[in-house]
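User: Hello! I am new to this structure and would like to learn how to read it, feature by feature. Could you guide me?

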Amino acid sequence: MDNIKIIRARENNLKDIEVEIPVNKITVVTGVSGSGKSSLVFDTIYAESERMFLESISINLESITSKLPKPDVYKISNLLPAIAISQKKTNRNPRSYVGTVTDISRFLRLLFSRVGVGKRNKFYTEGDFSYNNPKVWCEMCRGTGEKYVLDYDKIIDNKNRTLKEGAISYWNQGSDNFYDKLLEKVCMHYDIDMNTPIKDLSDDKLEFLLNGKSDSKFKVRYKNYKKNYRTKEVEFKGVIRELNEKLEDIDTPSTLKSIHKYIKKDKCDGCNGDRLKDEMLEVKINGENISSLESKTVTDLKQWLVNLIQITDNTCKKIIYDICEEVIKRITNLEKLQLGYLSLNRSIPSLSGGESQRIRLANQLACNLSSLLYVLDEPTMGLHSNDIENIEIILKDLKQMGNTILLVEHNLDIMLSADYLIDMGPGGGIYGGEIVGKGSPDEIKNHDESLTGKYLSGELKINIPHRKRDSNASILVKKAKYNNIKGEDFFIPLNNLVVVTGVSGAGKSTLTDNILEPSLTRKKNINCEEIIGIQNINKVIKVDQTPIGRSPKSNVATFTGMFDFIRDLYSKTELARKRKYSKSEFSFNTPGGRCESCKGDGQVKIDMSFMADTYVVCDECKGKRYEKKILEINYNGKNISDVLNMTVLEAHEFFIENKSISSILKCLIDVGLEYIKLGQPATTISGGEAQRIKLAKYLSNDSATGNLYILDEPTVGLHLHDINKLIALLNEIVDRGNSIVVVEHNMELIKCADYIIDIGPVGGPNGGKIIDCGTPEHIAANNKASVSNKLRKIIKIIQ
């Protein structure tokens, strides 16, 4: 079969690229951040395959396909049907679980319908064991197994504060001052001192503030979010009383949004989390009902199924064997991808991007499809360095089935095991979009202009720091207990770069997200017996990979705060002052100057029915976001839409005289994001880019000291050259007098740590133990930790 040929690709920053993808081979596309990897792989090759597929379907999809823009490419020859397995978490359905997306739950339901034994002599069907079936689901929770309850710790997060200081956080949300004015009147009427700490109020007054109800109404004059005065006459309800009333209307989206910060999920009282009616839970196989099986890790479930086959010797043996063998095959695929610690009842929205992608990859192995083009986005994401070999095996298995594999990847081991490499660059954004080198790994190693080749050959490398920092303060957590962490003590030296390591599912994120971060933020013991040294931290800042926004309106300029300064500049130009335009006219979030056709998005969302929604350029403003009158206002020869279309590097040169703007842009350059456009929608920014944008925002505040920053895999999506920049940035933050705790798998960052905490020894219920702690040299020499062997090779410590 002929190779896939891409001719003159110009999507995004691609510069008339011409390249061939070998068929039935593994091809890795790599390069620095923003160099055009995803533009080539996903926005050109996969997008064209998807478009061609939709056009070939024998139903009338013209209304949809006519709105799907054709990728900017002259021609793609010999293109195969493609399946994309990306990091994007598109499934937010709370009823979607590991069991449903892997189809394992369907096989278990089939097993129970055929051989399950209940207390009632009744014939069951597969659907009788589905928690999506109204006939059998728990009527109290409608098959979710959960209920919302108030999270009292979040309602009053600091009892040492007074009402004036915002002790009850629910009354402090919003951009108006309604609750401030209401509280003043209520406290005056009931003789409650607003300057007394909550903990020192009398029991009856505190009870009234929490659960009481006024015996009269109060007329409140306040300023709304637009700073206009309004008047309301209302009765006062205690905060817990009001929140409980809203809980009764939790199915209304606006209600959920208004109180989501103050609630948490708990087990349903009706089914204790089992989701089905008692009649269905009475049906058992070998002493287990379907809910208890779905609660097991898939590795434990596999062993249970193996035992079931062995002990069965009746007429049901053939049925049990056939069903169990299919489930065991699927679980084995999950285990190959280091997902054996997951349970079938784990919610899909709760998984990381890497876990979601590896589940989809395991599903493809079970399908046994051939002659397809598999397009993957960093399948090693979230994997421990010891497990990379399993990904190599999986990719080769897909290739052996007769498929072509095309993936974006930065891992050196994956690149070296590939058949073909395409190195893009030389820079990011407008400075990239070219193919720097292509060929076998050995050919790329010897390529003079390939930055990747220099790292593959060892000519370039990330050096281990010569010095390790001392620490004169620390945090000590005693008897930490949450999820699979059971009573562990751990120590965190401050003013250090601390890295938490361990295999997937070992408990790394549990330690940082559910124990360390909430305890330090709320300054109390959360999921631990005691935490010592809280006073040594000014502020805890979590820098994660969640989006900086979920709509096209959110972008780099708005998130970092620089857009306020930019709008201010435009409102002070001569023409803007003459027309009496205020700063708000230059906002695309409010009426006045924005294009009302797209509400300032520059794009219009198209409902794709059975597929994910897509966005097309607004016909009215042609993507410029603003009305013509606003675009007539220029600053140094550029209108505000031109500025939003600038890269960070271009904008830094343009605003070099404005310190407020240029200092933020300099920080974005320092984190390797010089290629991103100021107006690039948040919906197109990757998790790794979002994390670095947040880092840049905090870095721009050069007066911040005494803070603890918590990061989760900041190297995701980064080329080794960019990881080098990231490490320098993290060290700069620490050198300013701050502390950093990083959850990480990348050995290049791990080897540069001041201190390592290794958790394990495995993922899931049998993990969660502190295996070893200390400097990289100590961890390597001690030979206990999951990273000991790799570290020993890197820093050449001999046992």
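Analyst: Gladly, and we can start with the domains. The protein chain is divided into domain 1 (4-81 + 371-436), domain 2 (98-145 + 276-337), domain 3 (149-267), domain 4 (473-545 + 716-797) and domain 5 (556-684); these bounds come from an automatic or database domain assignment. This is a predicted model, in which local features need pLDDT of at least 70, side-chain atom pairs count only at pLDDT 80 or more, and totals for chains, interfaces and linings use all residues. Residues are numbered from 1 along each chain as its sequence is written, and side-chain values use heavy atoms, with hydrogens and water left out.

User: How far apart are the C-alpha centres of domain 1 and domain 3?

Analyst: Those two centres are 52 Å apart.

User: How should I read a sheet? In what order do the strands that include E5 and E13 run?

Analyst: Strands of a sheet pair through backbone hydrogen bonds, either parallel or antiparallel. Here, strands are DSSP runs of E with at least two residues, helices are runs of H or I with at least four residues, and both are numbered from the N terminus. Two strands pair if DSSP finds at least two bridges between them. The order is E5-E10-E11-E3-E12-E13, an open sheet of six strands with mixed pairing. At its edges are strand E5 (82-85) and strand E13 (434-439), each pairing on one side only. Neighbouring strands in this sheet are turned by 20 degrees against each other on average, direction ignored. For angles, axes are lines fitted to C-alpha atoms, for helices over the stretch in contact, and values run from 0 to 180 degrees between N-to-C directions.

User: In what sense do E3 and E12 pair?

Analyst: Strand E3 (residues 26-31) and strand E12 (residues 420-425) pair in the parallel sense over five bridges. Within the pair, Thr-30 stands opposite Asp-423 in E12.

User: Which strands does helix H1 lie across?

Analyst: Contact here means heavy atoms within 4.5 Å. Helix H1 (residues 37-56) lies across E3, E5, strand E10 (373-377), strand E11 (404-408) and E12, and runs at about 145 degrees to E10. Helix H14 (residues 353-367) also packs on the sheet, where it touches E5 and E10, and its direction makes about 145 degrees with that of E5.

User: What is the strand order in the sheet with E18 and E24?

Analyst: Six strands make up this open, mixed sheet, in the order E18-E21-E22-E16-E23-E24. Strand E18 (539-543) and strand E24 (769-774) are the edges with a single partner strand each, so one side of each is left without a neighbour in the sheet. On average, neighbouring strands are turned by 15 degrees against each other, direction ignored. Strand E23 (residues 755-760) pairs with E24 in the antiparallel sense over five bridges, and Ile-759 stands opposite Ile-770 in E24. Helix H27 (residues 687-699) lies across E18 and strand E21 (707-712), at about 150 degrees to E18.

User: Now for empty space. How much lies in the second largest pocket?

Analyst: Rolling a probe the size of a water molecule over the atoms shows where empty space is left. On a 1 Å grid over the protein atoms alone, a cavity is a set of points where a 1.4 Å probe fits but cannot get out, while a pocket is an open set with protein on both sides within 12 Å along at least five of seven lines; lining residues have an atom within 4 Å of a point. Grid points are joined across faces, edges and corners, and a volume is the space filled by probe spheres set on the points. The second largest pocket holds about 950 Å³. Among its 38 lining residues, Leu-412, Leu-720, Asn-746, Met-747 and Glu-748 are the closest to its centre.

User: Why does this pocket lie between domain 1 and domain 4?

Analyst: Domain 1 (4-81 + 371-436) and domain 4 (473-545 + 716-797) both give residues to the lining of the second largest pocket, so it lies between them.

User: Which peptide bonds are cis?

Analyst: One cis bond joins Gly-425 and Pro-426, with omega about 0 degrees; Pro-426 lies in the loop between E12 and E13. Another runs from Gly-760 to Pro-761, with omega near 5 degrees, and Pro-761 is in the loop between E23 and E24.
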